[in-house]
Amino acid sequence: MIVVTGATGNVGGQVVALLTAAGERVTAVSRRTAELPEGVRHVRADLDDPAGLKDAFDGADALFLLVAGQDPRAILDAARAGGVRRVVLLSSQGAGTRPEFYRHPAAFEDAVRRSGLEWTILRPGGFHSNAYAWAESIRGGRTAAAPFGDTGLPTIDPADIAEVAATVLREDGHAGRVYELTGPALTTPRERAAAIGAAVGTPVRFAEQTREEARAQMLQFMPEQVVEGTLAILGEPTDAERQVSPDVERVLGRAPRSFADWAGRNVAAFR
Ligand SMILES: NC(=O)c1ccc[n+]([C@@H]2O[C@H](COP(=O)([O-])OP(=O)(O)OC[C@H]3O[C@@H](n4cnc5c(N)ncnc54)[C@H](OP(=O)(O)O)[C@@H]3O)[C@@H](O)[C@H]2O)c1
């Protein structure tokens, strides 16, 4: 049995669907109730309360863990006690490139490495699905606002992250690996807005925000340290952050999906 945390999220929801379709027994964990495929067991629990995870881990073999809660060691101890032998951590590119800002994912990586479990770490860069932040302004006013409009980054499709995770959870040969997960090409925010316009069939105007405007907006839903790290990546990416990684193709045997492909599949959010 495989335990999937973050089961109501962009990545976790698709990990649950892929594992179920492959015939695995799945326990989905989230704080909210979730719409799940038939046969999936749901345990409502908070990663901030590792004792409450006992029921979820009982009889589990593997765990898909996301960075949430304050005590990764206690989560991993509870997992091991329940029978988990393999853990796949959804970390973040920033844990490798900017650990001074991404301390929380870096602490989870450290705990996973020391857990005594067979581990694999996934380090995605920015998600294609961060463009959902534009859904309302595109639906209402055909406008997308972002800072650093002409700085390219190789954002990734959350569906590809989920497929890599589901593969690594089920397949041997990935122990002790850190996979850097990116899309197939650099795209700028301006190009992503245009790709959504093309998918919707009406042009989308790109409005460049100042760094301060973007910072104020991001502080509403992210801790300050992560906001600073994210702005640094968006505005002044290092060579490593701009690098298109071969790891999705290495694991899946196919190229990662483009932003335009994601926009086409998610066009309903922008109409
Ligand atoms: N977006 C990016 O560009 C990016 C880049 C690199 C890494 N990441 C990482 O990828 C992760 C997943 O992204 P996503 O887009 O799938 O996220 P998402 O759609 O926001 O989903 C987050 C999930 O985490 C669950 N969750 C949050 N806190 C929890 C807690 N204390 N206990 C139990 N469950 C908790 C939420 O479920 P409930 O609310 O129902 O509990 C939800 O299912 C992020 O958390 C981030 O660490 C994101």
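Two strands are taken to pair if DSSP finds at least two bridges between them. In the predicted model analysed here, this criterion applies to strand S5 (residues 86-90) and strand S6, which run parallel and are joined by five bridges. Within this pairing, Leu 90 stands opposite Leu 122 in S6. S6 also pairs with strand S8 (residues 177-181), again in the parallel sense and over five bridges, and here Ile 121 is the residue that stands opposite Val 178 in S8. Strand S6 itself spans residues 118-124, and because six of its seven residues are buried, the strand is largely enclosed by the rest of the structure.

The ligand is surrounded by 22 residues, of which Thr 8, Arg 31, Asp 46, Leu 47 and Asn 130 are the closest. In terms of residue class, the shell around the ligand comprises nine nonpolar, 10 polar and three charged residues. Polar backbone atoms of the protein lie at short listed distances from oxygen atoms of the ligand in several places: a separation of 3.1 Å is found for Gly 6, one of 2.9 Å for Asn 10, and one of 2.7 Å for Arg 31. Of the 910 Å² of accessible area that the ligand has on its own, the protein covers 76%.

Beyond the end of S8, the loop that leads from this strand to helix H8 (189-200) contains Thr 182. With a relative accessibility of 3%, Thr 182 counts as buried, since the cut-off for this class is under 20% relative accessible area. Leaving aside residues up to four places away in sequence, Thr 182 touches Pro 154, Thr 155 and Ile 156, together with Gln 243, Val 244, Ser 245, Val 248 and Pro 256. For Ser 245, a polar contact can be specified at the atomic level, as a polar atom of the Thr 182 side chain lies 2.9 Å from the backbone nitrogen of Ser 245.

A second threonine, Thr 97, is found in helix H4 (residues 93-97). Its relative accessible area is 27%, and Thr 97 is therefore partly exposed. When residues up to four places away in sequence are not counted, Thr 97 touches Ala 240 and Glu 241, and its side chain makes a polar contact of 2.7 Å with the side chain of Glu 241. With respect to Ile 156, which is 59 residues away along the chain, the C-alpha atom of Thr 97 is separated by 17 Å from that of Ile 156; Ile 156 is, as noted above, one of the residues that Thr 182 touches.

Positive phi values in residues other than glycine were also examined. Arg 142, placed in the loop between helix H6 (135-141) and strand S7 (143-146), has a phi near 55 degrees, a positive value in a residue that is not a glycine. With a relative accessibility of 24%, Arg 142 counts as partly exposed. Phe 148, which is likewise not a glycine, has a positive phi of about 50 degrees, and this residue lies in the loop between S7 and helix H7 (158-170).

How values were computed. Residues numbered from 1 in each chain as written. Predicted model: local features only at pLDDT ≥ 70, side-chain atom pairs only at ≥ 80, totals over all residues. Heavy atoms only, no water. Buried < 20%, exposed > 50% of the residue type's maximum accessible area, 1.4 Å probe, protein only. Helix = DSSP H or I, 4+ residues; strand = E, 2+ residues; numbered from the N terminus. Near = heavy atom within 4 Å. Polar contact = N/O pair within 3.5 Å; in protein donor to acceptor, adjacent residues only side chain to side chain. Areas by Shrake-Rupley, 256 points an atom, 1.4 Å probe, with all protein chains shown as cover. Nonpolar A, V, L, I, M, F, W, Y, C, P; charged D, E, K, R; others polar. Contact = heavy atoms within 4.5 Å.
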